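The following exercises concern strand pairing, an enclosed space and charged side chains. Please examine the sequence and the structure before reading each solution.

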Amino acid sequence: MASPWTGIIEDARHYPSPHNSQPIVVRVEDDRTATVFYDLRRGLPAESFGIPFGHVCAGVFLAGLDVVARAHGFAVQERLDHAEMDFGRLDADPGSDDRLHRLGTVALRPRAATADDREALARFLARRTSRRPYDATLVDESAIEAVSAIASAAGQRFRTTADRAVVEEIVRVNQETLFDDLRHDAVHEEILHWLRFSKRQAAETGDGLSAETMLMPGPVLRFAMEHRGLWEAPGVGGLFRRVYLSTMRGVRQLGWLEGPFSSPAEYVEDDYRRNTAAVGAYADALRAIDEPSRLRLVLRRWYNAAVPKWVRDRVARRDRVGGVVGHVRPLVEHGTDVVLIASPVDVEVFDRLGGQRALRRWSSRGRTGRVDLVRVPEGDHSLFSPLMRQAVLSEVRSRVASTFPVHA
């Protein structure tokens with residue numbers, strides 16, 4: 001009798017991975033259990049946040065494995081290790097066979113496959129990663145609400161923007177990131193290792209980034225990547241940049257998730273498994289959006305027709321409780337000090353939502369608490385930056401020390 005792992009792994013191997021590096025290795029122990037590893041030789045340790053991306057890749061594989069196994073008639077139970085990946089051991093002994101980082105074990109438990117399970121598998125197998133240009137179409141609001149409901153059920157927050165200036169700036173930063181990476185020898189070598197400059201090369205390796213999917217002729221891409229100094233040269237450098245930027249044309253809207261993301265456990269498990277929703281919750285959320293009541297439709301049409309768009313946008317940005325003042329009032333009026341540690345992008349949102357008014361109103365301690373804003377010019381919202389993390393630690397420690405002084 002064939003092992004159930006044969007069909008499950010055959011389908012699960014279609015998971016997406018950074019640079020299409022396909023680093024996950026599965027060792028079948030018996031018909032019901034397997035050990036999952038990350039092949040360190042296929043990681044991206046040189047790139048910014050390459051190690052967190054490795055853990056994220058593991059989480060993506062495990063989530064895909066769950067989808068696949070359900071359609072094959074099994075539920076997956078995980079026992080994960082969450083240890084840090086040590087790429088340094090490859091540098092210490094390049095010839096070592098100790099290249100597999102153990103992620104944990106998975107076990108199959110029989111269950112009845114449903115029609116929804118089989119449909120989910122079909123969608124998983126139909127998924128493709130694409131660098132094709134977009135068509136500048138905004139995502140329907142009902143789809144955004146549906147994604148937001150799913151993210152909220154998983155302990156995350158989904159955000160999106162269609163502000164043209166913001167979108168163009170983020171696309172520009174994305175583009176400049178590649179040019180900055182190319183200045184670093186280790187990152188440049190890592191990118192070159194995964195580029196595939198012809199159909200034949202891509203077919204032979206079965207992995208990596210194909211020039212064809214990046215909409216660039218293989219010889220042109222090879223020449224550009226092997227002569228990175230030309231990217232900075234007058235004239236030619238501008239041409240290379242325009243060609244690369246053309247692969248991003250048509251981007252009209254951006255979306256992102258916000259939530260815990262600071263440890264291997266969070267890198268791997270920041271998906272639906274963090275906080276499983278009640279049965280039917282996703283369907284109920286989607287049904288409320290796809291089948292709104294007649295009253296809701298009438299009110300929505302009236303609101304959209306009667307209220308100018310700039311007013312609707314302002315109301316949406318200020319949230320339900322009235323911006324910063326509304327958020328902090330319940331705290332400061334009960335004597336709590338509020339300290340906001342903010343990166344430049346956070347400061348911009350803080351100011352737009354009335355933050356300066358909150359600072360003026362509660363700038364000094366009286367019978368209430370106070371509001372303070374700590375700016376970190378080189379910081380970032382997600383706490384990736386060491387400077388931002390250090391600023392948070394220093395501020396928390398100083399506040400705790402002043403509130404609870406230790407007397408000798």
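A residue is called buried when its relative accessible area is under 20%, exposed when it is over 50%, and partly exposed in between. The model examined here is a predicted one.

**Exercise 1. Classify R27 and E29 as buried, partly exposed or exposed, and describe the contact between them.**

Step 1. The relative accessibility of E29 is 41%. This value lies between the two cut-offs, so E29 is partly exposed.

Step 2. For R27 the value is 45%, so R27 is likewise counted as partly exposed.

Step 3. A salt bridge requires a side-chain nitrogen of Lys or Arg within 4 Å of a carboxyl oxygen of Asp or Glu. The closest N and O atoms of R27 and E29 are 2.9 Å apart, and the two residues form a salt bridge.

**Exercise 2. Determine how E226 and R222 are placed in helix α9 and how their side chains meet.**

Step 1. Helix α9 covers residues 218–226, and E226 and R222 are 4 residues apart in it. They are therefore separated by about one helical turn.

Step 2. Their side chains meet in a salt bridge, at 3.5 Å from N to O.

Step 3. E226 has a relative accessible area of 43% and is partly exposed; R222, at 35%, is also partly exposed.

**Exercise 3. Compare the exposure of R370 and D372, and state which network contains them.**

Step 1. R370 has a relative accessible area of 26% and is partly exposed. D372, at 15%, counts as buried.

Step 2. The side chains of these residues, R370 and D372, meet in a salt bridge at 2.8 Å, N to O.

Step 3. A network of salt bridges links R370 and D372 with E395 and R399. By the same 4 Å rule, the count of salt bridges comes to 20.

**Exercise 4. Identify the strands that pair with β4 through Y38 and L80, and give the partners of these residues.**

Step 1. Strand β2 (residues 33–39) runs antiparallel to β4 (residues 100–110), with 7 bridges joining them. Y38 stands opposite H101.

Step 2. Strand β3 (residues 74–80) also pairs with β4 in the antiparallel sense, over 7 bridges. Here L80 has G104 as its bridge partner.

**Exercise 5. Describe the largest cavity and its lining.**

Step 1. The whole structure holds 2 cavities of 30 Å³ or more, and the largest contains about 60 Å³ of space.

Step 2. Its lining includes H55, L80, H101 and V268. The elements giving two or more residues to this lining are α2 (50–71) and β4.

Step 3. By class, the lining residues are 6 nonpolar, 3 polar and 1 charged.

Note on methods:
Residues numbered from 1 in each chain as written. Predicted model: local features only at pLDDT ≥ 70, side-chain atom pairs only at ≥ 80, totals over all residues. Heavy atoms only, no water. Pairing = 2+ DSSP bridges. 1 Å grid on protein atoms, 1.4 Å probe; cavity = no way out; pocket = protein on both sides within 12 Å on 5 of 7 lines; lining within 4 Å. Points joined across faces, edges and corners; volume = space filled by probe spheres on them. Nonpolar A, V, L, I, M, F, W, Y, C, P; charged D, E, K, R; others polar. Buried < 20%, exposed > 50% of the residue type's maximum accessible area, 1.4 Å probe, protein only.
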